[in-house]
Amino acid sequence: MDSFGLWGIVPPLLTILLAFITKDVIVSLFIGTLSAALIVGHGNPVAAFITLTDLISDNLADGWNIRIFLFCALLGGLVGLLTKTGAAGSFGRWASARLKNGRGSQLLAFFFGILIFIDDYFNSLTVGTIMRPVSDKTKVPRAKLAYILDSTAAPVCILAPISSWVVTVMSIVRDASGFRDEAGNYLLGMNEFQFFIKSIPYNLYALTTLAMVLAIILTGRDFGPMRESIRYANETGKMYNEKKYGPASGNLDGDTVSRAKPFDMLFPIIVLIITAIVFFPLTTWLSAIDGETIKTFGAAVASMSLGDAFNNTDSSKALMYAIVITVTITYIYYLARRLLTLSESSEALRNGVKSMVPALIILAMAWAIGSIIKTPKSEGGLGLGYYLSSLVSGGSFPVGILPAIMFLFSAVIAFSTGTSWGTFSIMIPIAMPIVTALAQSHGYDLETQNNDVLITIAAVVGGAVFGDHASPISDTTILSSTGAGMPHLEHVATQMPYAIFVACCSFLGFIVGGLSMNIIICWAVTLAALAAGLIFLPNLLEKKSGKA
């Protein structure tokens, strides 16, 4: 067995437990990662500390990770410039004068979250930067903003045909056993892109999450810790509870500068979005120049379509290029507008980067613990995903409940490791041959078989997105709390009941959908469960807490 069995669940559970007890995410992540290293090192403390050090340095040495790390740091610098000039406050005052209540600012945040679908990191941090001053002015708690950011990050990226998430899923599906034969023929009668498009209606978790966000905004039917955070904000005027959950990361106090205009806030955001969109395909074309078959940029452009260039990009490079250019242009722009002096600009950049340090440390530690948890035993890790997936592949599950089972296992793996992409790579290659073999053994025709495969793979994807969405050690979760400028633990505590509730609704839908093979019945059950929960849960939980 290429895993340590159930021992693999100890580090993530220990980390989560300690985080809520100590209120210190960094120390909890350190201890959780150290416990994983102790398990791998068979209890040898010297070997464990060496493994821990190597884990952190190796993950930061990874090209993708270090570029995302630096992107976050520089985005903090950009936010520092925005805050120091008073541009963020100016935009907040302008927007709040037109948005008469918190519902309007929440809807605007939701709209921006849907609009910026290129990348989940880009989504959380950019929308957070735009909406934080607006939310504060309209008295929307940071916890509610972080929930909207997180719920329109991964759930939107996994539905948009042009995103790094979808390309990853399609590439894994394409290579999975049961999708193509040895000659490359498509066994299901559709290619990977057609498969993805047809699977969208079955992606219950992502779609229901978006429906849940919109319903909560429009009805105000908040419940659980989120309602407590809203009550705290209304009673104290403070947008996050530092006393209960600890200090916020990525949060800066700004100066009031009368010269700053709302456009001074929008200018760097517009530059960042434009440069990111430009560099997504540009990065792909530049990397295609190999000096042999493709020698010029023009040849690289001619070698692939714009869509392929956009889909096959290295988003970490594109985002890194975009943030460097944006910070440079913004720096010059603010100097030219005489909103800042040279010394003030430098101070603002430094303070912005400093504000991101807690989030950056959490991000580095989350990568470390996620890496050792998902890496197979033969390569020096715990192999938790392989252990959990072996339980599925070794069991004889009826084909009708297979989607629900796959949803659960994917959710556990993603929640424990904090990565949905890693879960995709583990579970899709396992789920595809199982569901195709079971469907064929039951004598299903091609249409019925395809429906079975579509809902099962959609369940894997949905479970992975849920685990990523709810996990305290997920980088998207971390960056959403950072983008909102609030304590990470408050975001986790307030969002998790919502994510679990949507996951339960989706689980019911996958059970009914797997048994009935009818997408209409599947959605009827899911939406009925969602509506019933929003009607009864707020009052039920309020009475239980004794605050009704």
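In this predicted model, K377 is placed over the face of F4, and the distance to the ring centre is 4.8 Å. Here a lysine charge sits over an aromatic ring, which is counted when NZ of Lys is within 6 Å of the ring centre and within 35 degrees of the ring normal.

Aromatic rings also pair with one another, and the structure holds 14 aromatic pairs. One of them is formed by F111 and F112: the centres are 6.0 Å apart, the planes stand at 50 degrees, and the pair is tilted. The two partners may be considered in turn. F111 has a relative accessibility of 47%, and therefore counts as partly exposed. F112 has a relative accessibility of 18%, and therefore counts as buried, because buried means under 20%.

A further pair is made by Y205 and F466. The ring centres lie 5.5 Å apart and the planes are at 65 degrees, so this pair is edge-to-face; the term applies to planes over 60 degrees apart. The pair links distant parts of the chain, as Y205 belongs to helix α12 (residues 204-219) and F466 to helix α24 (residues 446-470), with the two positions 261 residues apart. Y205 is buried, because its relative accessible area is 0%. F466 is likewise buried, with a value of 12%. Rings can also be joined into a group: Y147, F223, Y498 and F501 are linked by ring pairs into a cluster.

The next topic is the surface. V27, F30, I31 and F49 make a nonpolar patch of about 320 Å². Helix α2, which covers residues 25-40, gives the most to this patch, with 3 residues. I31 has its place in helix α2. With a relative accessibility of 34%, I31 counts as partly exposed, because this class lies between the limits of 20% and 50%.

Helix α25 completes the account. This helix spans residues 475-484 and is mostly covered, with 10 of its 10 residues buried. Among these buried residues are D475, I478, L479 and A484. At the N-terminal end of α25, S474 acts as a cap: one of its side-chain oxygens lies 3.3 Å from the backbone nitrogen of T476. After α25 comes G485, whose phi is positive, near 70 degrees. In general, an α-helix has 3.6 residues a turn, so residues three or four places apart point the same way.

How values were computed
Residues are numbered from 1 along each chain as its sequence is written. This is a predicted model: local features need pLDDT of at least 70, side-chain atom pairs count only at pLDDT 80 or more; totals for chains, interfaces and linings use all residues. Side-chain values use heavy atoms; hydrogens and water are left out. Buried means under 20% relative accessible area, exposed over 50%, partly exposed in between (1.4 Å probe, protein chains only). Helices (H or I, at least four residues) and strands (E, at least two) are DSSP runs, numbered from the N terminus. A polar contact is a pair of N or O atoms within 3.5 Å; within protein, one must be able to donate a hydrogen and the other to accept it, and residues adjacent in sequence count only if both atoms are side-chain atoms. Rings of Phe, Tyr and Trp (its six-membered ring) pair if their centres lie within 6.5 Å; planes under 30 degrees apart count as stacked, over 60 as edge-to-face and the rest as tilted. Patches are made of residues with over 30% relative accessible area and no salt bridge: like charges are joined within 9 Å, nonpolar side chains (Val, Leu, Ile, Met, Phe, Trp, Tyr) within 5 Å. Accessible areas come from the Shrake-Rupley method with a 1.4 Å probe; for residues, only the protein chains shown count as cover. A salt bridge is a side-chain nitrogen of Lys or Arg within 4 Å of a carboxyl oxygen of Asp or Glu.
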